[in-house]
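Biologist: Could you walk me through this model at a gentle pace? I would like to ask things as they come up.

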Amino acid sequence: MELLMSLLIGLMFTAGVYLILSKNVLRIIIGTAIVSHGANLTLLTIGGIKRGNAPILLDGLTLFNDPIPQALILTAIVIGFAVTALFLVVAYRAYQENGTDMVNRTRGNDDDDD
Amino acid sequence: MMMTNFALLPILIPFVAAILLLILPHKIKYQRPAALSFSFILLAASLFSAYKVITEGTLVVTMGNWPVPFGISIVADMLAMLLVVTTTLILPLIILYSIRTISVQREEGLYYPLVFFMITGVNGSFLTGDIFNLFVFFEVMLMSSYGILVLGGTRVQLQGILKYLVFNVIASAFFIVSVAMLYGIVGTLNMADIANKLAQVQGNADAGLISVIAIFFLFVFGSKAGIFPLFVWLPSSYVSAPMPILALFGGLLTKVGVYAILRTFSLFFSSSPGIEWDFLRWSAYLTIIIGVVGAMSYRNMKNIIIYNILIAIGVILVGFTSLTTSGMTGSVFYLIHDMLIKVALFMVIGVILFITGTPDIRDFSGLIARYPGLTITFFIAMLGLAGIPPFSGFVGKLYIVKGVFESGDSVGGILILVSSLFVLLSLLRIFILGFWGKERGPVITSLATDK
């Protein structure tokens with residue numbers, strides 16, 4: 001199971017990196033989102049996917065899954081969500097300002113030296 | 001128990017201040033004095049906490065009284081406290097400078113709350129004793145820095161923020177991956193506990209994986225600190241910011257990355273220095289070289305100082321990788337010195353920009369005739385940055401060079417000494433071209449703020 005998850009995570013990182021290297025801002029945002037998902041899955045997988053019960057204390061249950069990675073993922077998801085929301089708004093503003101969403105056409109810093 | 005809780009004040013005060021400043025965001029006449037007084041309260045509180053650390057030793061606060069490896073602990077040792085005091089010393093100066101120079105439109109866009117949220121993240125990163133909590137405080141710092149950097153929404157800023165965002169989002173994802181790998185080996189998140197467990201891992205099958213994790217951490221913190229291959233976002237996103245924001249970022253943000261490298265490498269990966277230390281050393285060398293090349297090649301004053309940030313980061317890390325007492329002492333001294341002197345330089349450059357209205361040093365000259373005080377301030381800041389004896393930069397660099405030569409790393413020592421010459425030269429070019437000569441250039445004294 002861990003091996004299968006690792007392959008999936010590798011695939012997600014590949015797709016994410018491929019998208020980040022493209023020229024379209026929206027593709028880059030989708031790429032960063034996919035990389036974040038891959039990172040969260042890494043956190044889940046590396047703690048070990050053992051067959052246990054959900055970590056809720058109930059009578060008669062003894063074997064539980066590790067609750068720490070779940071708490072960490074919950075935190076990381078919320079942070080990733082906030083950053084993605086900000087990124088989308090910035091991309092929208094940049095589109096309004098520049099009139100294009102291709103990153104290679106937004107060169108030419110005003111303050112740069114000649 | 002009550003006494004150790006003082007270590008929390010440098011995190012709690014800016015957090016509460018930021019929330020209070022969110023009330024009445026458009027009433028600038030209340031925001032300004034409130035922000036200023038909060039910053040002085042914060043300075044007093046962190047000086048008090050530092051005094052406690054000096055008299056009583058390291059303060060450890062365990063959140064919710066959970067025993068140490070299970071809960072989050074805040075650890076205020078002398079290094080963390082020094083950096084917190086430096087941060088809180090910079091803050092009132094930045095706010096005073098912002099009140100005079102930043103545009104009202106930006107101030108109404110939640111500028112002061114964002115600054116205080118950023119200080120929360122910076123102080124939290126310095127004080128935390130938990131690796132995932134460090135990630136969270138990094139994100140607090142970064143989220144507010146995105147906000148501050150894009151405030152105003154000009155075209156240049158939007159271009160700068162895109163690079164900054166992409167780079168930091170990827171680095172944050174890799175931070176999660178490296179924390180996950182570390183958790184997979186040692187099964188704990190408390191930094192002290194990780195250090196203990198990693199020392200036991202040495203020698204068995206997982207030992208090679210520790211180097212991999214170390215290089216992951218180097219990638220993550222290096223991209224925040226701007227070390228050699230990972231600095232590419234830094235010049236273009238920093239140059240887009242207005243001057244007080246640039247001073248705040250140049251003084252604090254990269255230094256948090258440097259602190260994280262210092263902390264993780266000395267705590268986790270120092271028991272048997274392997275390939276990761278060579279990686280760190282060589283990227284530090286190349287950071288110095290690229291910083292020198294950048295500082296010498298630009299005629300934009302902002303860019304010259306920005307590339308000087310890179311040189312300083314390289315010097316600090318070369319001193320750190322010497323792994324000698326004097327090298328590390330020098331690194332810490334130089335870190336504190338550099339935070340202060342970079343803020344000072346950015347502020348002086350901001351004043352020059354305000355006077356002349358252009359960042360290009362070829363466009364003006366002869367400022368010394370009309371502004372002697374500014375000239376002396378710039379001259380002293382320049383000597384301090386280059387490390388001329390009576391000023392503070394000298395002591396740090398002396399210790400670093402001593403430690404680096406003691407460890408037998410003559411390449412690094414010579415590189416640091418030669419780089420000092422170029423630091424001096426790059427600033428002397430501003431001094432000679434801008435301050436000396438006949439009075440010339442667009443000497444504007446109108447209210448063209450926000451440069």
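Modeller: Let me begin with a term: a nonpolar core is a set of buried Ala, Val, Leu, Ile, Met, Phe, Trp, Tyr and Cys residues joined through side-chain atoms within 4.5 Å. Please also keep in mind that this is a predicted model.

Biologist: Okay, so which residues touch the most other members of the largest nonpolar core?

Modeller: They are Ile131(B), Phe175(B), Phe269(B), Ile352(B) and Phe378(B), in a core that counts 187 residues. The largest share of this core comes from helix α7 of chain B, residues 155-186, which supplies 19 residues. The core also draws at least three residues from each of domain 1 (1-272) and domain 2 (275-451) of chain B.

Biologist: What does Ile131(B) touch, leaving out residues up to four places away in sequence?

Modeller: With those left out, Ile131(B) touches Phe175(B), Val179(B), Leu189(B), Met191(B), Ile194(B), Phe217(B), Thr264(B) and Phe268(B).

Biologist: You mentioned domains, so how far apart are the C-alpha centres of the two in chain B?

Modeller: The assignment for chain B gives domain 1 as residues 1-272 and domain 2 as residues 275-451, and their C-alpha centres lie 23 Å apart. Across the boundary between them, 46 residues of domain 1 of chain B are in contact with 37 residues of domain 2 of chain B.

Biologist: And chain B as a whole, how many helices and strands does it have?

Modeller: Chain B has 18 helices and 2 strands. Its radius of gyration is 22 Å, close to the 22 Å that the globule rule gives for 451 residues, so chain B is as compact as a globular protein of that length. If you prefer to picture a box, the C-alpha atoms of chain B fill one of roughly 70 × 55 × 40 Å, taken along the principal axes.

Biologist: What percentage of chain B counts as buried?

Modeller: Of its 451 residues, 61% count as buried. Chain B exposes about 15600 Å², and carbon and sulfur atoms supply 72% of that area. As for contacts in chain B between residues at least 6 apart in sequence, 78% of them join residues that are at least 24 apart.

Biologist: Changing topic: how many salt bridges are there over all chains?

Modeller: A search of the whole structure finds 11. One of the pairs is Asp338(B) with Lys342(B), whose side chains meet at 2.8 Å, N to O.

Biologist: Are Asp338(B) and Lys342(B) buried or exposed?

Modeller: Asp338(B) is buried, because its relative accessible area is 0%, and Lys342(B) likewise counts as buried at 0%. The two are 4 residues apart in helix α14 (residues 325-356) of chain B, so about one helical turn separates them. They also belong to a network of salt bridges that links Lys255(B), Asp338(B) and Lys342(B).

Biologist: What about Arg93(A) and Glu97(A), where do they sit?

Modeller: They lie in helix α3 (residues 67-98) of chain A, and because they are 4 residues apart there, they are separated by about one helical turn. Their side chains meet in a salt bridge at 3.4 Å, N to O. Arg93(A) is partly exposed, with a relative accessible area of 31%, and Glu97(A) is partly exposed too, at 35%.

Biologist: And Arg281(B) with Asp278(B), how many residues apart are they?

Modeller: They are 3 residues apart, about one turn of helix α12 (residues 275-297) of chain B, in which both of them lie. The salt bridge between their side chains is 3.1 Å, N to O, and Asp278(B) counts as partly exposed at 36% relative accessibility.

Biologist: One last thing, where is Pro389(B)?

Modeller: Pro389(B) lies in the loop between α16 (372-386) and α17 (392-406) of chain B, and it is partly exposed, with a relative accessible area of 49%. From Pro389(B) to Phe174(B) there are 215 residues in sequence and 42 Å in space, C-alpha to C-alpha.

Biologist: Then where is Ala33(A)?

Modeller: Ala33(A) is in helix α2 (residues 25-46) of chain A. It is partly exposed at 22% relative accessible area, because buried means under 20%. Ala33(A) and Leu4(A) are 29 residues apart in sequence, and their C-alpha atoms are 21 Å apart in space.

Notes: Residues are numbered from 1 along each chain as its sequence is written. Chains are lettered from A and ligands numbered from 1 in the order in which they are written. This is a predicted model: local features need pLDDT of at least 70, side-chain atom pairs count only at pLDDT 80 or more; totals for chains, interfaces and linings use all residues. Side-chain values use heavy atoms; hydrogens and water are left out. Buried means under 20% relative accessible area, exposed over 50%, partly exposed in between (1.4 Å probe, protein chains only). Domain bounds come from an automatic or database domain assignment. Contact means heavy atoms within 4.5 Å. A salt bridge is a side-chain nitrogen of Lys or Arg within 4 Å of a carboxyl oxygen of Asp or Glu. The radius of gyration is taken over C-alpha atoms; the globule rule is 2.2 Å times the number of residues to the power 0.38. Accessible areas come from the Shrake-Rupley method with a 1.4 Å probe; for residues, only the protein chains shown count as cover.
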